[in-house]
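Let's take a friendly walk through this model. The sequence and the structure come first, and the notes follow.

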Amino acid sequence: MARGLAFPHAALAIQVIRRRRPLSGKKWSTQTRYAVTSLAASQATPAQLAGWIRGHWGIEALHHIRDLTYGEDASQIRTGNGPQAMAALRNLAVGILKLDGYPSIAAACRYHARDATRTLATLRLIPP
């Protein structure tokens, strides 16, 4: 067990410093985050750890879209295969909209909700 860390199986603590600038602004901001892992320093390179952290945030971004756009956390489907099936359908919808070039999934959903034929055109079931 690593001394000074309040996690029983922690072997390594990681500091991630991110600099970012909003597309609409000129001012940069810096964020510092920390991660803890049970891997020893000899088990993963810093590049591997950074890749895993980026991959984690990619998954979190999808969860964020599913919750805010599709209200997944408020869903009443809680038994059997229902939750997994609905998550798969939401992922499919997000994937289709992203492949079709929509930068905002929420805006794309609003656009398609106004006219059912738009969904059919996006799915290439009728001519656009």
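## Y111 and its aromatic partner

Y111 counts as partly exposed, because its relative accessibility of 34% falls between the buried and exposed cut-offs of 20% and 50%. Keep in mind here that this is a predicted model. Y111 sits in helix α3, and it touches Y102 and R118, leaving aside residues up to four places away in sequence.

How many aromatic pairs does the count come to? The count comes to one. That pair is formed by Y102 and Y111, with 6.3 Å from centre to centre and 40° between the planes. The pair is called tilted because 40° is neither under 30 degrees, as stacked would require, nor over 60, as edge-to-face would. Y102 is partly exposed, like its partner, with a relative accessible area of 23% for Y102.

## Helix α1 and what it packs against

Helix α1 runs over residues 46–70, which makes 25 residues. From first C-alpha to last, α1 reaches 36 Å, close to the 36 Å expected at 1.5 Å a residue.

Which residues of α1 are buried? They are L49, I53, I65 and R66. An α-helix has 3.6 residues a turn, so residues three or four places apart point the same way. The buried residues of α1 pack against two strands, β1 (12–20) and β2 (29–37), and against two helices, α2 (82–99) and α3 (105–113).

## R90, an arginine in α2

Is R90 buried or exposed? R90, which lies in helix α2, has a relative accessible area of 10%, so R90 is buried, under the 20% cut-off. Not counting residues up to four places away in sequence, R90 touches R66, Y70, E72 and S75. One of these, R66, is itself among the buried residues of α1.

## Two positive phi angles

Most residues other than glycine have a negative phi, and most peptide bonds are trans. With that in mind, two places are worth a look.

Just after α1, G71 takes a positive phi of about 60°. G71 belongs to the loop between α1 and α2 and is partly exposed, with a relative accessible area of 27%. Although 35 residues separate G71 from A106 in sequence, their C-alpha atoms are 11 Å apart in space.

The other place is R124, which has a positive phi of about 60° although it is not a glycine. R124 is found in the segment after α4. Its relative accessible area is 59%, so R124 counts as exposed, over the 50% cut-off.

## Q15 in strand β1

Q15 is found in strand β1. Its relative accessibility is 48%, so Q15 counts as partly exposed, given that exposed means over 50%.

What does Q15 touch, not counting residues up to four places away in sequence? Q15 touches T32, R33 and Y34. Q15 and V36 are 21 residues apart along the chain, and 9.0 Å separates their C-alpha atoms.

## The largest pocket

Rolling a probe the size of a water molecule over the atoms shows where empty space is left. In this model the largest pocket holds about 190 Å³ of space. Its lining is made up of 13 residues, and those nearest the centre are A93, I96, L97, H112 and T119.

Which helix gives the most to this lining? The answer is α2, with five residues. Helices α2, α3 and α4 (116–122) each supply at least two residues. By character, the lining of the largest pocket divides into 10 nonpolar residues, three polar and no charged.

Key: Residues numbered from 1 in each chain as written. Predicted model: local features only at pLDDT ≥ 70, side-chain atom pairs only at ≥ 80, totals over all residues. Heavy atoms only, no water. Helix = DSSP H or I, 4+ residues; strand = E, 2+ residues; numbered from the N terminus. Expected span 1.5 Å × (residues − 1). Buried < 20%, exposed > 50% of the residue type's maximum accessible area, 1.4 Å probe, protein only. Contact = heavy atoms within 4.5 Å. 1 Å grid on protein atoms, 1.4 Å probe; cavity = no way out; pocket = protein on both sides within 12 Å on 5 of 7 lines; lining within 4 Å. Points joined across faces, edges and corners; volume = space filled by probe spheres on them. Nonpolar A, V, L, I, M, F, W, Y, C, P; charged D, E, K, R; others polar. Phe/Tyr/Trp six-rings, centres within 6.5 Å; stacked < 30°, edge-to-face > 60°.
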